[in-house]
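Okay, can everyone see the screen? I'll put the structure up now, and then we'll walk through a few spots together.

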Amino acid sequence: MRGMKLGPVVSALLLMAGAAGAADVKLAYVGEISGSIAVSGGNFRDGVILAVEEINAAGGILKEKIALSQLDTQTNPGVARSQMQKAIDGEPYVVLGPIFSGNVKATMQLLQQAEIPHLIGGEAGELTTLGDRFLFRTSFGQQIGMPKIANFIRDELKAKTIALIWVNNDFGKGGRDNLMKQLAERNIKLVADVSTESGQVDFAADVVKLKAANADAVFVYSNEEECARIMREARKQGLKGPFVGDTTLLSQKTIELAGDAANGVMGHVGLTADAPIPAVAEFTARFQKRFNYKPDHNGIKGYTAVYAVKYVTEKKLGKFDRKALAQVMHGLTIAPKDEPAILIETTWDNVGEIDRISFLAEVVNGQQKITKILPKLGK
Amino acid sequence: MADILQLLVAGLATGAIYALVAIGFTLLWQTSQTINFAQGEFVMLPAFFVLIAMSYFGLSFWPAVAVGTLVSIIVLGALFKRLVVDPMIRHGVLPLVIATIGLAILMKEAVREFYGADAQPFPPLAADINVTILGVAFAMQSLVVLAIGIAAVVALQLFLNRTRTGRCMQATAQNPTAARLLGIPVERMILYTFLINGALVALASILITPIYLAKFTNGEWLGLYAFIAAIVGGFNQVRGAIAGGLLLGVVDNFAAAYLSSQYRMALPLLILIVVILFRPQGLLGRIEERTV
């Protein structure tokens, strides 16, 4: 009798175990869900979520649904390391993020040792110079973007002097160093070099310093929230522009937070939801419908990262193999005709650096308006 | 010279906000021996009440401000006293302090969880224009913040000194036992203090959030600055809180401009240490003695 009762129970348990064991491919998002970079990290994460939902609805990758785990670095390198270790312990196929360059630097060695490919949102120039064969960017490094914006300052603005305000973290320092080099090569003088802190809220004193410099143009290089606060303070104090930046100054979140203060800013954007490309417009509409806000470039980064992984796994490998994925991605070009969700033709070089077309833009009436499309460097 | 004047006005504007928050600290301490380490979060929260009133209930800005202020007075004033202070104070000051630290964490994380981690824009009180006075251009927003801050402080001082209720509140702060013997409803006076603090933090929130954006982390630094201002000025004197707040705002601004943004916090902390060492009652505070 006892054996008869036990049989169905054992069968049920085996069935449940079998169902739980059905293969899921694990992806881990380790990024800035809170802290001073939460704006960027949240956008990236939501782009990832949208891609995962779409892919799972279509059957997954190689018929395996994606199981996405999300871990918050709190924009803190110490927390990022522990969260990354936790993610690695879960044996993900790929890690997406972090976005904050400081957190990327703090965690990349762990991923390199675990031989897990990681598609990062960080843009600090040095990240691809550290010999990590498993690291891949999802947007330009500063060493790609800064020459383009320096050319714009020289050729379009015809500015001879620049006042620079930048955020004192890995992202800001890398951008500042790159920009200074590019400006020097073009005989443009840096007349103010104002460093600010990540998470800073009061920029009154910094804007006074910029005013005193009386430069031909002001270059703002900080994270989105700080860019918005700087622009509000700048307009409040009547600091005359033009105001120039790279990506973050013109991002959707900066425009939303700065309001009218963002109108008139100009700069280079590697990726933008306002790109005059139908696939990008369709993505933006789907993202907005899903999350009730317009994505910035970080949303596109997260979204295309997942689809890049899908494309390589299905079309190039035919299996889940982390090391092989990393090898294949070096030197790979994915075109929209091969994978429409990549949105824009994307190439990775042998150090994980990315190459795409990019854009010059200006903020007009609260909207980012593309003024020029710049070709890929490789063309 | 123009830069110095602009920094001074901007510093005074920020300092006026610190002063409002610091006054709340001192009032609560004087009347009820409450040290509220959630005071920074108390300033962070009303902005979100206003945003909720605008985005979820469809109110325009000024009605939303009125609703947000009323909710702040009730929640951060009356409910705070009833649910946190009254049960904890009978166990002593330290348990209450720890409770307010826990409350600060709860409020911060609740906003992050239920509203969002991103910063939110907040409508400005004045246009983004400059006003030229004596040949120097000042930001209209800074002038408006300074004017409202000064008006609030003056109104509060008039209330405390020139009205019967205000004098009763002062009597309660000085000696609750004697005040009770004189027929002053001490418990009601203490409640009024909490309600006034609720209004002060709401005002500070509405003044500061257009510039700094609404974010769940705003309370961390605001609370710290206001606490330093209250200690430096004198924890048992409202005028000390005012002086401390204004001084801190100006010092912080000049430190950022002429020292470094990285070390701007160092100078106020240095002043705090010097004051504690050499004048622990604060610049305008009075020495308190206790019988044992």
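Let's start with helix α5 of chain A, residues 142–157, and ask which of its residues are buried. Near the start of the helix you have Q142(A), Q143(A), I144(A), G145(A) and M146(A), and further along come K148(A), I149(A), A150(A), F152(A) and I153(A). Notice that a lysine, K148(A), is on that list too. Keep in mind that this is a predicted model.

Now step just past that helix. α5(A) is followed by K158(A), and the phi of K158(A) is positive, near 55°. Why point that out? Because most residues other than glycine have a negative phi, and most peptide bonds are trans.

Chain B has some positive phi values as well. Take Q33(B), which isn't a glycine and has a phi near 55°. You'll find Q33(B) in the loop between α1 and α2 (39–55) of chain B. So is Q33(B) buried or exposed? Something in between: Q33(B) has 13 other C-beta atoms within 10 Å, so it counts as partly exposed.

The other one to look at is L213(B), again not a glycine, with a positive phi of about 70°. L213(B) sits in the loop between α8 and α9 (218–233) of chain B. Here the surroundings give another answer: L213(B) counts as buried because 22 other C-beta atoms lie within 10 Å of its own, and the cut-off for buried is 20 or more.

Back to chain A, for the peptide bonds. Which bonds are cis? One of them joins G97(A) and P98(A), with omega about -5°. P98(A) is in the loop between β3 (94–96) and α4 (101–114) of chain A. Then there's the bond from G241(A) to P242(A), also cis, with omega near 0°. That proline, P242(A), is in the loop between α8 (224–236) and β9 (243–246) of chain A.

Last stop: where the two chains touch. How many residues does each chain put into the contact? Chain A puts in 31 residues and chain B 23 residues. On the chain B side, the elements giving two or more residues are α1 (2–32), β2 (136–139), α8 (186–212) and α10 (238–258). α1(B) gives the most, with five residues. And if you sort that side of chain B by class, you get 12 nonpolar, seven polar and four charged residues.

Okay, that's my tour. Over to you for questions!

Terms used
Residues numbered from 1 in each chain as written. Chains lettered and ligands numbered in written order. Predicted model: local features only at pLDDT ≥ 70, side-chain atom pairs only at ≥ 80, totals over all residues. Contact = placed C-beta atoms within 7 Å. Helix = DSSP H or I, 4+ residues; strand = E, 2+ residues; numbered from the N terminus. Nonpolar A, V, L, I, M, F, W, Y, C, P; charged D, E, K, R; others polar. Buried ≥ 20, exposed ≤ 12 C-beta atoms within 10 Å, placed from the backbone.
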